[in-house]
Each structure stands twice: as structure tokens, then as C-alpha cells.
Amino acid sequence: MTMARPPRRRLGSFTVMSLFLAVMALVLGPVPSSAAESDWWDPTARPTPDAQVDVTGEPFKGADAQGNVRGFVDAHDHIMSNEGFGGRLICGKPFSEQGVADALKDCPEHYPDGSLAIFDMITKGGDGKHDPDGWPTFKDWPAHDSLTHQQNYYAGIERAWRGGQRVLVNDLVTNGVICSVYFFKDRGCDEMSAIRLEAKKSYDMQAFIDKMYGGPGKGWFRIVTDSAQAREVIKQGKLAVILGVETSEPFGCKQVLDRAQCSKEDIDRGLDELHELGVRSMFLCHKFDNALCGVRYDSGALGTAINVGQFLSTGTFWKTETCRGPQHDNPIGNAAAPEAEKRLPKGVDVPAYASGAQCNVRGLTDLGAYAVRGMMKRSMMLELDHMSVKAADQAFDILESESYPGAISSHSWMDAGWTERLYKLGGFAASYMSASEGFSAEAKEKAPLRAKYGVGLGYGTDMNGVGGWPAPRGGNTPNPVKYPFRSTDGGSVIDKQTTGERTWDFNTDGGAHYGMVPDWIEDIRIVGGQKVVDDLFSGAESYLRTWGKAEKYKSGENLASGAAASASSSEWWNPAVSFAPGKAVDGDLGTRWASEWNNDQWLRIDLGSVQSVKRVTLDWEEAYAKSYRVELSEDGTNWKTAWSTDSGDGGLDTARFAATQARFVRIKGLERGTQWGYSLQEVGVYRD
């Protein structure tokens, strides 16, 4: 690494006296930590040339009077996107030992004028032409509307950390189909290979920053693998970095013509490998329906292009249905995407979609449910964004049945109607890094919910995620960001950021790169008010609480497992298949109890002795109860209702009630939800 070092100078009399006084101060009494550690936040050397950070002052440390850490959390970023998608979709690297001039180079095919910047044309429109030169002019990029250029240069992330950010989730990301159809690539398209490489590069970046600060463990960029470690890093005043995964076909779990291309063994191997790499949060589906779950659609021309990609990958287009409840997926629309549609086989066209049918028919598959439970066993956090509302609903059912809080909505892709359900579970939500007005309005709308559940707010920058970022409000706006300004904690002064010959101003450049995050937060303070920023500043603590509770999860003992069971009736139509009552408590989701086809039916479970019962879970087969009661009894004769519903919709139900002494549990069907009887795959009874 070529480093810039300060020139040697002779010590003058004033300097000698200063050193003498400093030594005397150490002898005579304690000094503030900043003096004792001598600007620990500044590296001993940087690569040259390099970007400036343009922040002065010591990063805050420690916790508040209640022991809570402070700071902002970016719950969704993609530092290493340049290594995914075949290596040539995102141009430039987040770091280089040769400095910014080497790191922030445009893709080779973008020279000399951007005429072959195909992905730029697709995402931004126009002819793709731009000045490909980075250092030292950076005339055309990075920019808030340039989706193909590196936005996560390490010095920009450093600036965000210096401005008060304390948590960053680095989602390792790629898409095999986009890689395969894109014209330019310098490597293969296997998704798991890309994820492994991006994980390695993340650790390489940590080592790169450590080297600037004197050796392993000394830098501010700290990859963490548990919440306690993250909390300690933040108390040291550094940035806790969590690895996540966002990919379309994890573990090879794609579906082709509705047939899964992976197994439970593949899922277990994949989760074990990711956990070993340090990954602690994950999306199970992204953009394309896969063997685990259906996705929440993209809209407009981009949605059509992704739908084409789905067909090329799976042989199936998205399929819609009328939504069953108030939650809905994004409207697909019927916008044209000519360049993408040229990729379809002759005679194949993208379907037209009815405006009233806005929900994906695909939910969480059996393999998807297995993956969710596998993540819970490994204390990993499940990302709900990008799941169809049907899949998210089913995932919530599983999480709620086990009281598992490790659920995240990281960048506004979950239906807003699920927000309270997420908070009630103990999960965490972050909003997409949008324009200050819109972001503030969304934050204020959800403020009562956050107050009710005592949680903070995060943001998801989605940098390098091909999403677009806040446009400038204009140099003539009546309430601009005024430079320099102070950080939220008050300990640092933030000025305009300069790299080479280019100086960025949020008023005229918007969210051009990661270094503009502190400027965007200041813009939110001006537009939305201090309360929004305060909620953001408590985000790190809330995120760590969700993570910490997930780590403490232990599956409760199922008191009904293998218990004696009886029923009002059992369906019989094939002597080789049993639907006996005991099939509902045998621990096998492939078996079930099924009643005769009328409303007045019941299933009774004998726990063997009186127990304290607080929770009952019911995993319905297609034949579910619309109206039913959960009844408890100590003697099998005198029953009392512990819980009831008249709006059952099948799937996995969780009945919670005050702890009650009972030996017998009875599920009393009152009204069927289908033409058949009642059918339960599994019933669980728990003390907590």
C-alpha cells in the first residue's frame, strides 16, 4: 500500500514546552479519553490519492444513562455489489490499496463516452452516455440517479460513521439470471460463489482499514457475529457491520416449472455455510419466485423486465390473484420493457394482469417453512422484505407460533400493514433512504406505533442496490442544508465532502454516494424535525435488542407431542391411509387428523397430568376451521374456553391466553372454512 505520511519537522521550543506540559498533566491527574488516545479516530496513514472525509471531532463512545447504545443504523446496504452479477454490473470497488483513483474506475465498456453502458440505459433511460473518468474530476458519477457506479467507497462509509452511524448491514447480493443475460461479465454466474467472494472481500476491507490504523482489530470497521460483540464495538465508538444475504436463488433453491431444485439437506448445508461465513440475516426470496417463497412484485417497466427474468429462470411468469385481506403486493402493471422482452422465446409474451388481482398466488412453500425454522435454530434474522404478502403472512405465523423476534423489514418492501405485527413480535423496521420529505412523512405516520412498542427507526440506503436515491432539493431551496453543521450527538463538525476536484453539496447533488448519509440526516432534521432524527438515533439500540432476543430463543417443550388423542370422528376413505386423532400430535407434518364433513367436531388431547398451559398452535391442512374454540379442562368433564375465533383462515394459528392449569386440551370446531371437515397436521401445547 502506498501511504501518504507527514513530513518530518524539527521540534520548536513551543512544541517542546507543549510536550512537557502534556507529560506533567499525565503525572498530576487524569485527562479526557480523547487526549489520552490522541485522535484515535484518524488513521496513521491513508492510500494515496484518496477521498477526504471532511468531518472533525471525536466519534462518540459508550452508552446513555440507561445503558443503551446510541447511533444510526443502516439495515440494508450492498458494499460488495461490484463482485456480484458477473462482476461488471456495478463499476468500481469500495477500496483499493492503490487509492481512490484505482478503486473508482468505470467499467471498461463504458469508455470512451458511455455508449455501451447498457445497464445504465436500462435503469436510467436515455443513451447511457456519460464521462467515464472518475479521479480526479468525477464529473458524472457517483450520482443519485446513476445506478451502475460504486457508491460505497470506504471513505464515504467512514464519513457516515463519523457522522453518527453505528450499525451497517452489508447484504451480500447477486442474481444469476441478470448475470447470465447481461452482455458484459468477467466471471461465472453461480450465486453462492458470488456470495462467498463478497463475504471474503468484506473481511478484506476490514483488514484494509485495520492496516491504516496500525494492525488487526484497530480499525473502525468491525464485522460482528453476535449482538454482544456489536454492542461492545459501538461502545468503543466504532461501526458494527453485520453480514446479510439477499439473492434470488439461495442454496440453489430455484423452481423450474413449479418443481423445486433443492432439498432440505441443501438448505441445511447452505445455512450452515452462511453462518460459518458470519452471515446473520437473510432474505429467502428476492425478485423471482423460487422454491422457498413467492416475491412481492416490482412495478412498471422494471417489473416487466424482472418478470421476463423470472420466466427465463423458472419457465413461469408471475401469477396473480385477488388479495384476501388489506395487505397487497405491488401492482405489476402492464408496462412494456422492449429490450428485456426481446429475450423471450418466439411466440412467448408477458401476460397481461388485471388491476384488481394484486397478490402473488405463491406463498411460503414447505421448503420455505423449513428454511425459516432453520434460521431460527441458528439465531439468524429473517428479512421479510421482498416476500409476497402471502409468504410474509405465513412466515409471521411461524415466528409468532414460536415467539421468535428475529424479523426485519429493512428498506420499505414489506406491506406497511404488517408493521404493528412486526413490532409486537419484537422485530425491527427501517425505511428506504428516500427524499427527506417523504421519509419524514412516513416516519411521523408510524411514530405512534414506535412509541407504543418503545422502538427506534432505521434506514436502508440500498446503496449499490440499483434503487435510486434522494434527488437534490435545489440550491435555491428556502431551507437548505447549511455547511458546516454539527452531528446529532454534537461532538463532530461535518463540512462538504471533497474527492479530487469534486465537492459534493447535498442541496445540489442529493444522495450521490454513501458519504452523503450525514448530510441527508441533516436535511431530514431541517425538513422533518428533530424528533425524526432522535428516533433514527435510537435505531442501533432497537436493532441490537431484536438481534439479542433472537439469540436467546429456545424452542419450548411441546406438551402434546406423542400424547393420547381422541376425536369426535375420523375420516375414512382408504384403508392404507390413517387420519386418526394421534396423527395430529405425532410431530410429522406429513400426516394429519381429519374429521367427518360437518361442523360439530372436536379433537381432544390428554397431556397425562395437569400442566400450566399458555399457548396452543394449530397447523391446519386445507380443510380448516373458520370458527372454533380452544377449551381446557383439569378433569376432562368440566371445560372452559381459553381462546376462540370466528375469522379463521387456515395455515398456522397461534392461540395465546393467560396461563391456565389443565390436563386436557380440546379443539372444538364450530364452523368449517371449506366444504370438507376439519384437518389438523399438528397441534402444539406449550407452557409459555
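Reader: Contact means heavy atoms within 4.5 Å. Which share of the contacts in the protein with a separation of 6 or more comes from residues 24 or more positions apart?
Author: This is a predicted model, in which local features need pLDDT of at least 70 and side-chain atom pairs count only at pLDDT 80 or more, while totals for chains, interfaces and linings use all residues. Residues are numbered from 1 along each chain as its sequence is written, and side-chain values use heavy atoms, with hydrogens and water left out. Among contacts in the protein with a separation of 6 or more, the share from residues 24 or more positions apart is 76%.

Reader: How many helices and strands does the protein have, and what is its radius of gyration?
Author: The protein has 20 helices (H or I, at least four residues) and 27 strands (E, at least two), both DSSP runs. For 688 residues the globule rule (2.2 Å times the number of residues to the power 0.38) gives 26 Å. The protein comes close to that value, so it is as compact as a globular protein of that length, with a radius of gyration over C-alpha atoms of 28 Å.

Reader: What does the C-alpha trace span along its principal axes, and what part of the residues is buried?
Author: The C-alpha trace of the protein spans about 95 × 75 × 45 Å along these axes. Of the 688 residues, the buried part (under 20% relative accessible area, 1.4 Å probe, protein chains only) is 55%.

Reader: What part of the accessible surface belongs to carbon and sulfur atoms?
Author: The accessible surface of the protein (Shrake-Rupley method, 1.4 Å probe) comes to about 28000 Å². Of this surface, the part that belongs to carbon and sulfur atoms is 52%.

Methods:
Buried means under 20% relative accessible area, exposed over 50%, partly exposed in between (1.4 Å probe, protein chains only).
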